[in-house]
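Open your viewer and keep the selection panel at hand. We will go stop by stop.

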Number of protein chains: 2
Amino acid sequence: MQSIPQEKISAASEGLRAIAHEVRLSVLCHLLNGTMCVAELMEATGASQSNLSQHLTKMRLLGIVKNEKRGQQVYYHIANPAFAELVQALKSIYCPEMCEQALVDAEPTILLKEH
Amino acid sequence: MQSIPQEKISAASEGLRAIAHEVRLSVLCHLLNGTMCVAELMEATGASQSNLSQHLTKMRLLGIVKNEKRGQQVYYHIANPAFAELVQALKSIYCPEMCEQALVDAEPTILLKEH
DNA sequence: TTATTATATTAGCAAGTGGTGATTTATCTA
DNA sequence: TAGATAAATCACCACTTGCTAATATAATAA
């Protein structure tokens, strides 16, 4: 067996810690469906403005999400497909029923609020 | 869109936090290949006896690993297939070259810091 | 201009987490 | 039996993390 190099462990660990927090994980789950602005994420996650903003900043600095300003709003989306994959894998472990359904259902209409 | 129930987020978050620590993640990566005793895991991870034991205890209490005493040794293995899956998914993102069906397009380039 | 709204930043503190070293428990062997 | 070995537990301390409240910044509206 090959042993896993320490730097890969460190990188994976940092990535996991970044998404392990309840608020950040919740944000990412919602962003799986597309771009959302801060106010929408506040509503979706229940986190306070300041708290959510700090979590978003942390994820942005780690390259997990990207943001884009449109007028007064700031819209966030998942920047790195590896994280989308990870969160999707998590979701299919912890919410298998939502994932099967997502495959079967037609494209949800209200989700993508881009443009 | 269905929103993700809070209790699922909490459970997933707890699971992630449990495997996000470098030592615990390293242990789990090694246990993907089968059962190992504490001394072998010490050698493999480089953690101290006390430290490793505490991490193993934590994972055991969370149901992530199980142990079995054989003589003076205690052997550990991954108890929950969901965690094996997760760690395997991580591994194929961060160490694609080590995984049989390497994901060609999944780049481990997570942590680019912006300015 | 001033006021309002959306988001980000800062400071300070409380709580959680992880590491070390000492001790304990259990098993094996001479 | 005593001593050695493997692993677990405990006590303590340092460090990190996350939250709140206050303030700052930036865009828009009146």
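This tour starts with one protein chain and then moves to the DNA. Keep in mind that the model is predicted.

**Stop 1: chain A.** Select chain A and show it as a cartoon. Count six helices and three strands. Start at the N terminus and trace the order: α-α-β-α-α-β-β-α-α.

**Stop 2: inside and outside.** Stay on chain A and turn on its surface. Of its 115 residues, 44% are buried. The chain exposes about 5900 Å², and carbon and sulfur atoms supply 51% of that area. Now look at contacts between residues at least 6 apart in sequence. In chain A, 55% of these contacts join residues at least 24 apart.

**Stop 3: DNA strand D.** Select DNA strand D and the residues within 4 Å of the strand. You should find 23 residues around DNA strand D. The closest are Ser50(A), Asn51(A), Gln49(B), Gln72(B) and Tyr76(B). Of the atoms of DNA strand D within 4 Å of the protein, 64% belong to sugar and phosphate.

**Stop 4: who supplies this surface?** Color by element. Chain A gives α4 (49-61), while chain B gives α3 (38-45), α4 (49-61) and β3 (73-78); each supplies at least two residues. Next, color by class. The surface near DNA strand D has 15 polar, five nonpolar and three charged residues.

**Stop 5: phosphate contacts.** Zoom in on chain B. Which atoms of Ser53(B) and Thr57(B) lie by a phosphate oxygen of DNA strand D? In Ser53(B) a polar side-chain atom lies 3.1 Å away from one. In Thr57(B) a polar side-chain atom lies at 3.4 Å from a phosphate oxygen. Finish at Val74(B): here a polar backbone atom is 3.3 Å from a phosphate oxygen of the strand.

Conventions. Residues numbered from 1 in each chain as written. Chains lettered and ligands numbered in written order. Predicted model: local features only at pLDDT ≥ 70, side-chain atom pairs only at ≥ 80, totals over all residues. Heavy atoms only, no water. Helix = DSSP H or I, 4+ residues; strand = E, 2+ residues; numbered from the N terminus. Buried < 20%, exposed > 50% of the residue type's maximum accessible area, 1.4 Å probe, protein only. Contact = heavy atoms within 4.5 Å. Areas by Shrake-Rupley, 256 points an atom, 1.4 Å probe, with all protein chains shown as cover. Polar contact = N/O pair within 3.5 Å; in protein donor to acceptor, adjacent residues only side chain to side chain. Nonpolar A, V, L, I, M, F, W, Y, C, P; charged D, E, K, R; others polar.
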